[in-house]
Amino acid sequence: MAKTGGTRGVKSAARTVELLGLLAARGDRPARLDELAAELGVPRSSMYQLLQTLVDCGWVRTDTTGSLYGIGIRALLTGTGYLDSDPRVRRVRPALDQASDALGETIHLARLDGPDVVYLATRESHAYTRSLSRVGRRVPAHAGALGKALLAERPDDELPLPESPLAAYTKNTHTDRAALVADLAGVRERGYSIDREETVTGIAGFGFALRYDVPATDAISCSVPVARLSEEHEARIVAVMRETRARIESVVAPAPGAPDWR
């Protein structure tokens, strides 16, 4: 069993966390008992007991037949608690509203978590209602504007990339590390990242790292359909997002005595 900080991990706790992560990643695709047992490599009887315990606690839900399992409402309550307890998220939200009003486009706030970014807040465009991102969604950092903005804040030899090949979301996604590194050099030079249909076909994004941490862990972005991305509109997006970043960085700082979360 792996050790964390010199302390031996608790096997049952690790299995529970792994199970919840697996169910959350499946989204609207419920899983059967046998699937979960096979995926986590545990006996069917042990998996059944764990699932029943989590169902009773509200962390997992099951259908009327008791054969399908999905993530439960307790996960939502805990996730909401994370957002509500983070003073930075609360202080960034008004700036996201202002940027959304100024541009009429979708604005995101996300945080780097290992090789991924996790969306913490989204302001959807009124002109383009297709949901591209949502709070809690994870996207590989190499595959979009938010992630590339944060990767560029780190030396090339310290990039938190997976050992496995880089996944492709579209034909434009960087799957070659050398190409990604070259792109990050451009991000550092211009001060923001550009995603031209690398995460979603038909959508461009512009990402800006928030440098109230070093290296930055949070970033904001603007997403826009390429069909209406003229040179003038792109220049306007960059200008507004630069102003938004400066506004956020001027008001967001570690509060005196606040925990230094790691």
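In this predicted model, strand E4 and strand E5 (residues 68-71) run antiparallel and are joined by three bridges. Within this pairing, Arg61 stands opposite Gly70 in E5. The two strands belong to an open sheet of three strands, arranged in the order E3-E5-E4 with antiparallel pairing. Because strand E3 (31-32) and strand E4 (60-62) each have a single partner strand, they stand at the edges of the sheet, and one side of each is left without a neighbour there. Strands of a sheet pair through backbone hydrogen bonds, in either a parallel or an antiparallel manner.

On the surface, Ile73, Leu76 and Leu77 together make a nonpolar patch of about 320 Å². Of these residues, Leu76 is found in helix H4, which covers residues 73-85. With a relative accessible area of 54%, Leu76 passes the 50% limit and therefore counts as exposed.

A search of the whole structure for aromatic pairs finds one. This pair is formed by Tyr192 and Phe208, whose ring centres lie 5.2 Å apart and whose planes meet at 15°, so the arrangement is classed as stacked. The pair links distant parts of the chain, since Tyr192 sits in the loop between helix H7 (177-190) and strand E9 (193-196), whereas Phe208 belongs to strand E10 (residues 203-210), with the two positions 16 residues apart in numbering. Both Tyr192 and Phe208 are buried. Tyr192 has a further contact to note, in that Arg190 lies over the face of its ring, at 5.7 Å from the ring centre.

The distances around Tyr192 are set out below.

| Partner of Tyr192 | Arrangement | Distance |
|---|---|---|
| Phe208 | stacked rings | 5.2 Å between ring centres |
| Arg190 | over the face of Tyr192 | 5.7 Å from the ring centre |

Two features of the backbone also deserve a careful look. Glu197, placed in the loop between E9 and E10, has a phi near 60°, which is a positive value in a residue other than glycine. Its relative accessibility is 24%, so Glu197 counts as partly exposed. The other feature concerns the peptide bond from Val214 to Pro215, which is cis, with omega near -5°. Pro215 itself lies in the loop between E10 and strand E11 (218-225). Strand E10, which carries Phe208 of the stacked pair, is thus a boundary of the loop that holds Glu197 and also of the loop that holds Pro215.

Conventions: Residues numbered from 1 in each chain as written. Predicted model: local features only at pLDDT ≥ 70, side-chain atom pairs only at ≥ 80, totals over all residues. Heavy atoms only, no water. Patch = residues over 30% accessible without salt bridge, like charges linked within 9 Å, V, L, I, M, F, W, Y side chains within 5 Å. Areas by Shrake-Rupley, 256 points an atom, 1.4 Å probe, with all protein chains shown as cover. Salt bridge = Lys/Arg side-chain N within 4 Å of Asp/Glu carboxyl O. Helix = DSSP H or I, 4+ residues; strand = E, 2+ residues; numbered from the N terminus. Buried < 20%, exposed > 50% of the residue type's maximum accessible area, 1.4 Å probe, protein only. Phe/Tyr/Trp six-rings, centres within 6.5 Å; stacked < 30°, edge-to-face > 60°. Lys NZ or Arg CZ within 6 Å of the ring centre and 35° of its normal. Pairing = 2+ DSSP bridges.
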